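Student: Please take a close look at the salt bridges in this model, and describe with care which side chains pair and how they sit in the chain.

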Amino acid sequence: RGTQHASATMEGRRGNEIAEIAKSLRIFASKGNPSKELQLQRRQLFVRIIQYLTIGIDMSPVFTDVLMNAHTQDMATKKMLYHYITYYALAKADLALLTVNTLQKDCRDDNPVIRGLAIRSMASMRVPELVEYLIGSIQLGLKDAHPYPRKTAALGVLKVHDLAPDALAETQILDDLRHMLATDRDAAVVANCLIVLREVDGELAMATKQNVYGLINRIKDFTEWSQVTILEVVALYPPADKGETFDIMNALEDRLQHSNSAVVLATVKVFLGVTLDMADVHQQVFERLKAPLLTLAAAGSAEPAYAVWAHLHLLVMRAPPLFATDFKFFFCRASDPPTVKKLKIEMLTAVADSGNTYDIVSELSEYVTDVDAAISRESVRAVGRVALEGDQGVAGIVDRLLQFLDHGTDYITAETLVAIKDLLRRHPRWADDCILAVSGIEVDAIAEPAARAALIFIYGEYGQAMPEAPYMLEPLLEGFAEEEAEEVCRWELRR
């Protein structure tokens, strides 16, 4: 009963407060030319309304009184008023109809910012009954002399397309956007036209020679993210001949030096795409892309850097010899996140050759003691892969691998045994060194199934050189029925 009484009291106070707000709004609305002090008071009142609206209090009872203040020229108040109208338009469509005259009047205001805000607010209301009025306002906005209403109206077209595509198709708005894409002088307007037409007509429809050449010739005028959108369209355009291919690359050459990683990577995508059918040029493009990507990867913050390293990883895997002399760029730093370290380790393995293998294996050996077990494991596997695939004439690779058995860490020992097993299966000539290092390791001391299976293989395959092998394998035969690891059982049966 006490809770109900407190709730009723609170509701009563809130009702009184809303009534006071409505009364104040009517007083402000009656002031034709308010002073700066009154404008400030009205702004503070709207701040209060928005605060209540944000915490979930129903402020719809003052809707009519809010609309009566639509004539205000204070920009901050105007923005809050539009926010209020847009908020309640979806929930209370009947109230939204009351805003039509106000918004249409603002669409013809002397201030271009107010004209643009009015168009944006009307488009954001998403009320089907207002589509007819919205289309008229958008048509007016697209012909506006100022770029702000034009770019706002262009994005509003996408909302009309989502709300009433049939009504949009009956107008000339989309044709107007296509014309503006090619002729409008303002880069922001062109960018918005491109975004809308990509959604409506499809990306491939935008990848025409006229559009591509027109956009890349003025790409410096656009914002960074608009440049990315343009480059995505360019990447879909198939050049008719080598002349067009070189035209596109020459026009976008300076984008490879951009400070924004998204712009650089989008340009890389274009360069690789347009030269895909030109093997000789494609190889030269790899060389050209290497320097800007390595610079960008080293300079960027963690998140963008990972995207750059992922692209570099792809290029390295496609053409390892091109990056063989730059292997030191792939050395891990203490500040690198594990995801980047993993990519770098894989790249180091890929670029290993007779000239850099020793340095790469020495670097990888340092990562074996990394505090991150996943990186430590990956490093052991990497050294194993280098020993497996690399130049067997390089001294010390197998010795480094065998030294990992002395670390005394379970997972390092396990990964090393697996690497030794793979090495012996491909290069039996290392058997003497490996047998000496493995000799005496008990299978029961190894917990990981893959490592146990590797040790069983070594004891079984080279048992004639290891007198202790039968005694090491005997406990496994006794516990065969209890062995749960399928891989271990398979190797036991083979032996």
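Tutor: A residue is called buried when its relative accessible area is under 20%, exposed when that area is over 50%, and partly exposed in between. With those cut-offs in hand, we can turn to the structure, which is a predicted model and holds 29 salt bridges.

Let us begin with E346, which forms a salt bridge with K342, the closest N and O atoms being 2.6 Å apart. The two residues are four residues apart in helix α20, and therefore about one helical turn separates E346 from K342. Because its relative accessible area is 19%, E346 counts as buried, while K342, with a relative accessible area of 39%, is partly exposed.

Salt bridges that share partners also occur here, and they join R377, E378, R381, R385, E415 and E448 into one network.

Other pairs connect separate parts of the chain. The side chains of R43 and D74 meet in a salt bridge, with 2.7 Å from N to O. This pair links distant parts of the chain, since R43 belongs to helix α2 (residues 36–54) and D74 to the loop between α3 (63–67) and α4 (75–91), the two residues being 31 residues apart. Their surroundings can be described by accessibility: R43 is partly exposed, with a relative accessible area of 31%, whereas D74 has a relative accessible area of 9% and is therefore buried.

A further salt bridge is found where the side chains of K290 and D326 meet, at 2.9 Å from N to O. K290 lies in helix α18 (residues 279–299), and D326 lies in the loop between α19 (302–318) and α20 (338–351), so that this salt bridge ties together parts that are 36 residues apart in sequence. As for accessibility, both K290 and D326 are buried.

Taken together, these examples show a pair within helix α20, namely E346 and K342, and pairs that reach from a helix to a loop, among them R43 with D74 and K290 with D326. As general background to such pairs, side chains of opposite charge can pair when their charged atoms come close. For a detailed reading of the model, it is worth keeping the accessibility of each partner beside the pairing itself: D74 is buried at 9% relative accessible area, E346 is buried at 19%, R43 is partly exposed at 31%, and K342 is partly exposed at 39%.

Conventions. Residues are numbered from 1 along each chain as its sequence is written. This is a predicted model: local features need pLDDT of at least 70, side-chain atom pairs count only at pLDDT 80 or more; totals for chains, interfaces and linings use all residues. Side-chain values use heavy atoms; hydrogens and water are left out. A salt bridge is a side-chain nitrogen of Lys or Arg within 4 Å of a carboxyl oxygen of Asp or Glu. Buried means under 20% relative accessible area, exposed over 50%, partly exposed in between (1.4 Å probe, protein chains only).
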